[in-house]
Amino acid sequence: MRLLAACLFLMLSTTSALPGAWPRERGAGFASADARLSWPQDVAHRWHENAFQQYYTLYVEYGLTDRWTLGLDLGRSVSGDGKTVVFLQYPLRNRERGLQATAQLGFGKISGKTVLRPGLALGWELPKGWLSAESVAEIRTDSGLTDLKLDLTWGVTFDSGTKWIMQLQTGRPWASEEFARAATSVVVPLRGQLSVEAGVTWGLHTDENLGVKLGLWKVF
């Protein structure tokens, strides 16, 4: 995990969230909202006070131009505190084939503290899916204290339009231990550009919880 965090720091320092590596076209957008529940993997701990947790997220991207994308990210931060972040992202490399790279700069609040959030997303399109690495640094403007996050994703798109997403989520909050968890979900088209997502998470390192999520995707 220390090597992973070091790699993330190098990536951020050379380009300076978690949006994807592919920019939105002008006037096009994407929105997702979900509810997430978690509880301890150890059955004996599930009856403790505050063992059960729940929170909600909202994520929106909108193409201001073919290169500039405006976004809103509401939910839970790397440290687990509530967040509200507005961001802009711009493609560093946007080609029909090969590596895609996008830089982001966000500004907002985490647990009432003002933060800057630089980020970098890398992506590779596959014949029926994609690979991506998405990183952010959440920097408190009053103290410089920084939380780091890196997510690695493999997505598969089936002929029906259904997507299967597998993810390794890692982070290093400044006030606690680094963590890693595995996540997988299925996104199923409902009608038009609306889809439903259902998934599970499992803590791998210092995260001893398991979780489920249910949400909606909308392309517009």
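Strand 1 (residues 29-40) and strand 2 (residues 53-63) sit side by side in the antiparallel sense, paired over 10 bridges. Keep in mind that this is a predicted model. Strand 1 also has a partner from much further along the chain: strand 12 (residues 209-219), joined to strand 1 by 11 bridges and running antiparallel to it. Salt bridges add another kind of link, and the count for those comes to 10.

**Strand pairing**

- To find the pairing with strand 2 in the structure, start at Asp-34, whose bridge partner in strand 2 is Thr-57.
- For the pairing with strand 12, go to Trp-39, which has Leu-210 as its bridge partner in that strand.
- If you follow the side chains along a regular strand, they alternate between the two faces of the sheet.

**A buried salt bridge between strands**

- Asp-73 and Lys-83 meet through their side chains in a salt bridge, with 3.0 Å from N to O.
- Asp-73 belongs to strand 3 (residues 69-76) and Lys-83 to strand 4 (residues 82-93), so this pair ties together parts that are 10 residues apart in sequence.
- Both ends are tucked away: Asp-73 is buried, and Lys-83 is too.

**An exposed salt bridge between loops**

- Lys-128 and Asp-159 form a salt bridge as well, this one at 3.2 Å from N to O.
- Lys-128 is in the loop between strand 6 (113-126) and strand 7 (129-140), while Asp-159 is in the loop between strand 8 (146-157) and strand 9 (163-172), so the pair links parts that are 31 residues apart in sequence.
- Here, both Lys-128 and Asp-159 are exposed.

**One more pair, and a network**

- The side chains of Lys-149 and Asp-151 make a salt bridge at 3.2 Å, N to O.
- Lys-149 counts as buried because its relative accessibility is 12%, and buried means under 20%.
- Asp-151 has a relative accessibility of 5%, so Asp-151 counts as buried too.
- Some salt bridges share partners, and in this way Asp-73, Lys-83 and Arg-117 are joined into one network.

**A nonpolar patch on the surface**

- Tyr-62, Leu-64, Trp-68, Leu-70, Val-86, Leu-88 and Phe-220 make up a nonpolar surface patch of about 610 Å².
- One of these residues, Phe-220, is found in the segment after strand 12.
- Phe-220 has a relative accessible area of 45%, so Phe-220 is classed as partly exposed.

Definitions and conventions. Residues numbered from 1 in each chain as written. Predicted model: local features only at pLDDT ≥ 70, side-chain atom pairs only at ≥ 80, totals over all residues. Heavy atoms only, no water. Pairing = 2+ DSSP bridges. Helix = DSSP H or I, 4+ residues; strand = E, 2+ residues; numbered from the N terminus. Salt bridge = Lys/Arg side-chain N within 4 Å of Asp/Glu carboxyl O. Buried < 20%, exposed > 50% of the residue type's maximum accessible area, 1.4 Å probe, protein only. Patch = residues over 30% accessible without salt bridge, like charges linked within 9 Å, V, L, I, M, F, W, Y side chains within 5 Å. Areas by Shrake-Rupley, 256 points an atom, 1.4 Å probe, with all protein chains shown as cover.
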